[in-house]
Amino acid sequence: MANNPYDEMFRDIARLMERILSEMPPCDPKIIGFTIIGGLPEGIPFPDVAGDGEREPDIEVIEGDDCVYITAVVNARADGAPYVTFREDSVTLCTGGDKETVIDLDCEIDVLHSFYNVQHGVIDAVCPKKSAPGNVARS
């Protein structure tokens, strides 16, 4: 049976995931976003995954028990910095340029404690859910 050239890479990923999971506190882990960037051989241009640049941004919305997590790919070729605007029942996401995407949420979020981070071509927003009066929000 011939060896797959990616076998070693998959073994490395498996070892890395084992190490990460073994160092986590005992709980039910959730993977919110995941990116693997492999280097391209010299002289090969970076592939244009966006095509003509007119397609909708890739957005992932995950609702957990306490927070709503939003992950999107940033358009590195667009003018302007990516940003997120938080409202109690929606999030406005700009992945670069002038185009904004409004994401309607199924719950109310705590706008003051919501935040976002842009790193390595990915924008991540964390929106803690607003607790109902008389209830204690878990942290």
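## A negative patch on the surface

Four acidic residues, Asp89, Asp104, Asp106 and Glu108, together form a negative patch on the surface of this structure, which is a predicted model. One of these residues, Asp106, is found in the loop that runs between strand 5 (101-104) and strand 6 (115-119). Asp106 has a relative accessibility of 75%, and because exposed means over 50%, Asp106 counts as exposed.

## Confidence in the model

Averaged over the chain, the pLDDT is 78, and 69% of the residues score at least 70. When the elements of the chain are considered one by one, the lowest mean pLDDT, 81, belongs to helix 1 (residues 7-23), whereas the highest, 94, belongs to strand 3 (residues 83-86). Where pLDDT is low, the predicted coordinates should not be read in detail.

## A salt bridge within helix 1

The structure holds three salt bridges. One of them joins Arg15 to Asp12, with the closest N and O atoms 2.3 Å apart. Both residues belong to helix 1, and because they are three residues apart there, about one helical turn separates them.

Neither partner falls in the buried class: Arg15, at 45% relative accessibility, counts as partly exposed, and Asp12, at 38%, counts as partly exposed as well.

## Salt bridges between distant parts of the chain

Another salt bridge is formed by Glu63 and Lys129, whose closest N and O atoms are 2.7 Å apart. This pair links distant parts of the chain, since Glu63 lies in strand 1 (residues 59-63) and Lys129 in the segment after strand 7 (122-128), 66 residues apart. With a relative accessibility of 43%, Glu63 counts as partly exposed; Lys129 has a value of 21%, and because buried means under 20%, Lys129 also counts as partly exposed.

What kind of contact do the side chains of Lys130 and Glu88 make? They meet in a salt bridge, with a distance of 2.6 Å from N to O. Here too the pair links distant parts of the chain: Lys130 is in the segment after strand 7, while Glu88 is in the loop between strand 3 and strand 4 (90-94), and the two are 42 residues apart. Lys130 is partly exposed, its relative accessible area being 37%, and Glu88 is likewise partly exposed, with a relative accessible area of 39%.

Note on methods
Residues are numbered from 1 along each chain as its sequence is written. This is a predicted model: local features need pLDDT of at least 70, side-chain atom pairs count only at pLDDT 80 or more; totals for chains, interfaces and linings use all residues. Side-chain values use heavy atoms; hydrogens and water are left out. Patches are made of residues with over 30% relative accessible area and no salt bridge: like charges are joined within 9 Å, nonpolar side chains (Val, Leu, Ile, Met, Phe, Trp, Tyr) within 5 Å. Accessible areas come from the Shrake-Rupley method with a 1.4 Å probe; for residues, only the protein chains shown count as cover. Lys and Arg count as positive and Asp and Glu as negative; His and the chain ends are not counted. The place of a charge is taken as NZ of Lys, CZ of Arg, CG of Asp or CD of Glu. Helices (H or I, at least four residues) and strands (E, at least two) are DSSP runs, numbered from the N terminus. Buried means under 20% relative accessible area, exposed over 50%, partly exposed in between (1.4 Å probe, protein chains only). pLDDT is the predictor's confidence in each residue, from 0 to 100.
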